[in-house]
Amino acid sequence: KKLAVTENKILAKYNSVTGSNYKDDYTTGMALIDLLPQVNSYIGKLEALNPKDPKLAKAVDLLVQGWNKQAEGMTLLIGAIDQQDYEKLSKGNAALASGRATLKKAASALAPFIK
């Protein structure tokens, strides 16, 4: 449950500067720079989990994969914003989309374990 709270805080901060909440590149870039260490710490906590149930272990592995993709995407976006590089921006958005898809699979795999 503590990890879910951490994840929700990360997502809230990310959502506060993207999509319809986007203001400008500087604000988004600074938020991502601030957020990336939190994401990496969260990934470390997920990786430290060692569930005995094979289905739960697979779900956690999907979470780790998804969040690693999110971190990759954020890193690419930070560079894209800094360098005003549209190719990096495209790659960053693709990584984020891939990460979101994996996180959706993880959420489905975790659903039976959440009470």
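A pocket is taken here as an open set of grid points with protein on both sides within 12 Å along at least five of seven lines. In the predicted model described here, the largest pocket has a volume of about 730 Å³. Its lining comprises 25 residues, and those nearest the centre of the pocket are Ala-4, Glu-7, Leu-63, Leu-110 and Ile-114. Two or more lining residues are contributed by each of helix 1, helix 2 (25–48), helix 3 (54–83) and helix 4 (86–110). Helix 1 makes the greatest contribution to the lining of this pocket, providing seven residues.

Glu-7, one of the residues nearest the centre of the largest pocket, belongs to helix 1, which spans residues 2–15. Glu-7 is buried but takes part in no salt bridge. The nearest side chain of opposite charge is that of Arg-100, at a distance of 12 Å from Glu-7. Because a salt bridge requires a side-chain nitrogen of Lys or Arg within 4 Å of a carboxyl oxygen of Asp or Glu, the separation of 12 Å between Glu-7 and Arg-100 does not qualify. The side chain of Glu-7 does, however, form a polar contact of 2.8 Å with the side chain of Trp-67. When residues up to four places away in sequence are set aside, Glu-7 touches Tyr-42, Leu-63 and Trp-67. Of these, Leu-63 is also listed among the residues nearest the centre of the largest pocket.

Enclosed space was examined as well. The search of the whole structure returned one cavity of 30 Å³ or more, and the volume of the largest cavity is about 30 Å³. Ile-10, Leu-11, Tyr-14, Trp-67, Gln-70 and Met-74 form the lining of the largest cavity. Helix 1 and helix 3 are the elements that supply two or more residues to this lining. Trp-67 thus has a place in the lining of the largest cavity and is also the partner of Glu-7 in the polar contact of 2.8 Å.

Charged pairs were considered next. The model contains three salt bridges. One of them joins Asp-34 to Lys-13, with the closest N and O atoms 2.4 Å apart. This pair connects distant parts of the chain, since Asp-34 is in helix 2 and Lys-13 is in helix 1, with their positions 21 residues apart in sequence. Asp-34 is partly exposed, because its relative accessible area of 38% falls between the limits of 20% and 50%. Lys-13 is likewise assigned to the partly exposed class, with a relative accessible area of 29%.

A salt bridge is also formed between the side chains of Glu-72 and Lys-69, with an N to O distance of 3.2 Å. Glu-72 and Lys-69 are three residues apart in helix 3, so about one helical turn separates them. Glu-72 is partly exposed at 37% relative accessibility, and Lys-69 is partly exposed at 29%.

In helix 4, Glu-87 and Lys-91 lie four residues apart, about one turn of the helix. Glu-87 and Lys-91 form a salt bridge in which the closest N and O atoms are 3.4 Å apart. Glu-87 counts as exposed because its relative accessible area of 54% is over 50%. Lys-91, at 46% relative accessibility, is partly exposed.

Further positions illustrate the range of solvent accessibility. Thr-102 is located in helix 4 and is buried, because its relative accessible area of 14% is under 20%. Apart from neighbours within four places in sequence, Thr-102 is in contact with Leu-62, Gln-65 and Gly-66. Lys-58, by comparison, is situated in helix 3 and is exposed, with a relative accessible area of 55%. The C-alpha atoms of Lys-58 and Gly-73 are 23 Å apart in space, for a separation of 15 residues in sequence.

The relation between sequence separation and spatial distance was also examined for Lys-1. Lys-1 is placed in the segment before helix 1 and counts as exposed at 84% relative accessibility. Lys-1 and Ile-114 are 113 residues apart along the chain, yet their C-alpha atoms are separated by 9.2 Å. Ile-114 is itself one of the residues nearest the centre of the largest pocket.

Note on methods:
Residues numbered from 1 in each chain as written. Predicted model: local features only at pLDDT ≥ 70, side-chain atom pairs only at ≥ 80, totals over all residues. Heavy atoms only, no water. Buried < 20%, exposed > 50% of the residue type's maximum accessible area, 1.4 Å probe, protein only. Lys, Arg positive; Asp, Glu negative; His and termini not counted. Polar contact = N/O pair within 3.5 Å; in protein donor to acceptor, adjacent residues only side chain to side chain. Contact = heavy atoms within 4.5 Å. 1 Å grid on protein atoms, 1.4 Å probe; cavity = no way out; pocket = protein on both sides within 12 Å on 5 of 7 lines; lining within 4 Å. Points joined across faces, edges and corners; volume = space filled by probe spheres on them.
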